[in-house]
Amino acid sequence: MASPQRYVSEGIKQGYDKSVLKIARDQIDAFEAEHDDMPALLTLNHLVKRVNEEYSYVRNVVSRNTKADYLTFSIRKRSGGFRRIHVPSMRLMKLQRWISFHVLRQAKVSQYSFAFSPESSTDKCAKQHCNSKWLIKLDIADFFGSISEADVYKVFRSLGYQPLVSFELARITTVAPLSRRYRKSHWRSGRGIGTILRYCSNRKGFLPQGAPTSPMLSNLVMLQKDILIAAVAKKHGLRYTRYSDDIAFSTKKEYSRTQAHALIDSVSEILRSFGLRLNTNKTIIVPPGGRKVVLGLTVNGTRPTLSKEFKSKLKMHMHFIEKFGLQHHADKRGFDTAGGLYRHVKGLIDYAHMIDPEYSEIYKNRLSAIPFIESQSNYKPA
């Protein structure tokens, strides 16, 4: 942000009224003094100037008047079915990244959330449930798709932005496909906004999976829900964590299935009141003596360890790569390229390093010994 004096002087040079500039400067100073490092955004044009984008383009995004803002495709879920991905265009990506870095990154998330924030990790989340007697795992169905632009609007309002700017930010960070499934009555976001005809739409947007703003926005949308769920967990004597849409409760004390089902009903009721629902197919209750896994990590001991399934998967990949080569194994396992397989296995090894460095070092050395010849792979590791 430029100094107040420069802000006014530059504005005068561009022909703006000095008194108006001083009012704007005072509003910016007041906002940024109250909200630490979060940038003031007085109008859509103010955002456009900060991001160095064209006003007409951003106004069209807010008006849902553009057709090529997202590349949409589906990927198969490991649990079955498909996940819809919406990748923003480079132009919209730039805008969303600015909002993510300068606005959302500054906001505080729930203490119960262990994803999409600085220094969060699956390891830290799983560690909360080590040595527990009982473990209850829940999953929020269609997580991003169930968070509407009205929910996102409330997030920006809670960060201190005025109604119209919050509405515009919500439109920029949500997607509304041309599908009847998402044709709903227009929600009223604030006095005066409904009078802007270009902003009226019966296509209510939702968080796009693939946008850089969606992960942090989902965390901020869940802030109040986390507090309510944590209160229920406390009544039950349970520890509560959430990693995106994965919810876990645990206790080292005596518990029962009857109590667990009562807890699940209470959590389901809270989520339903906010338009969210549990994926009942992924509800898991693990009693004493059962193998407890949180986010792919075994938590039966004093610290998280790599699961048997993870080790078997990595062992299988390395065995066939070493025996038949990268390209052959990539073809057999359905990877598009040998390089894609290589990056996948390297990602597994990097993940293992966070949990068990000694174990990962063995596989790192084995992968490094794999020959890369032109006929086998077009991908050369760094």
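In this predicted model, the axes of α12 and helix α15 (residues 357–368) come within 11 Å of each other and cross at roughly 20°. Because angles under 35 degrees count as roughly parallel, α12 is roughly parallel to α15. The crossing of the two helices is left-handed. On the α12 side, the contact is made by K311, L314, K315, M318, H319 and E322. Their partners in α15 are Y359, Y363, R366 and L367. In an α-helix, residues three or four places apart point the same way, because there are 3.6 residues a turn.

Helix α12 also takes part in a salt bridge. R291 pairs with E309, with the closest N and O atoms 2.5 Å apart. E309 belongs to helix α12 (residues 308–324), while R291 sits in the loop between β6 (284–286) and β7 (293–294), so the salt bridge ties together parts 18 residues apart in sequence. Both ends have some access to the surface. R291 is partly exposed, at 39% relative accessible area. E309 is partly exposed as well, at 45%.

The structure holds nine salt bridges. A second one joins E53 and R91, with an N to O distance of 3.0 Å. This pair links distant parts of the chain, 38 residues apart. E53 lies in the loop between α3 (44–51) and α4 (55–62), and R91 lies in helix α5 (residues 90–102). Their surroundings can be compared by accessibility. E53 is buried, with a relative accessible area of 15%. R91 is partly exposed, with a value of 34%. The pair also belongs to a network of salt bridges that links E53, E54 and R91.

A third salt bridge connects D226 and R242, whose closest N and O atoms are 3.0 Å apart. D226 is in helix α10 (residues 223–235) and R242 in strand β4 (residues 239–243), so parts 16 residues apart in sequence are tied together. D226 is buried, at 0% relative accessible area. R242 is likewise buried, at 0%.

Helices α4 and α8 pack against each other. In α4, the buried residues are Y57, V58, R59, V61 and V62. The buried residues of α4 pack against α3, α5 and α8 (163–172). R64 follows α4 and has a positive phi, near 55°. Helix α8 is largely enclosed by the rest of the structure, because eight of its ten residues are buried. These are V165, S166, F167, E168, L169, A170, R171 and I172. The charged residues E168 and R171 are thus among the buried residues of α8. The buried residues of α8 pack against α3, α4, β1 (70–76), α5 and α7 (149–158).

Helix α5 also contains S100. S100 counts as buried, at 18% relative accessibility, because the cut-off for buried is under 20%. S100 and A211 are 111 residues apart in sequence, yet their C-alpha atoms are 9.7 Å apart in space. Beyond its neighbours within four places in sequence, S100 is in contact with R105, P212 and T213.

Backbone geometry was examined next. Most residues other than glycine have a negative phi. D142 is not a glycine, but its phi is positive, at about 45°. D142 is found in the loop between β3 (134–139) and α7. The residue is partly exposed, with a relative accessible area of 38%. L295 also has a positive phi, near 55°. L295 is placed in the loop between β7 and β8 (297–298). L295 is partly exposed, at 25% relative accessible area.

Cysteines were considered last. A disulfide is a covalent bond between the sulfur atoms of two cysteines. With a cut-off of 2.5 Å between cysteine sulfur atoms, the count comes to zero disulfides. C125 is buried, with a relative accessible area of 2%. C130 is buried too, at 7%.

Definitions and conventions
Residues are numbered from 1 along each chain as its sequence is written. This is a predicted model: local features need pLDDT of at least 70, side-chain atom pairs count only at pLDDT 80 or more; totals for chains, interfaces and linings use all residues. Side-chain values use heavy atoms; hydrogens and water are left out. Buried means under 20% relative accessible area, exposed over 50%, partly exposed in between (1.4 Å probe, protein chains only). A salt bridge is a side-chain nitrogen of Lys or Arg within 4 Å of a carboxyl oxygen of Asp or Glu. Helices (H or I, at least four residues) and strands (E, at least two) are DSSP runs, numbered from the N terminus. Contact means heavy atoms within 4.5 Å. Axes are lines fitted to C-alpha atoms, for helices over the stretch in contact, and angles run from 0 to 180 degrees between N-to-C directions. Angles under 35 degrees count as roughly parallel, over 145 as roughly antiparallel, 65 to 115 as roughly perpendicular and the rest as oblique. A crossing is left-handed if the near helix is turned anticlockwise from the far one by less than a right angle, and right-handed if clockwise.
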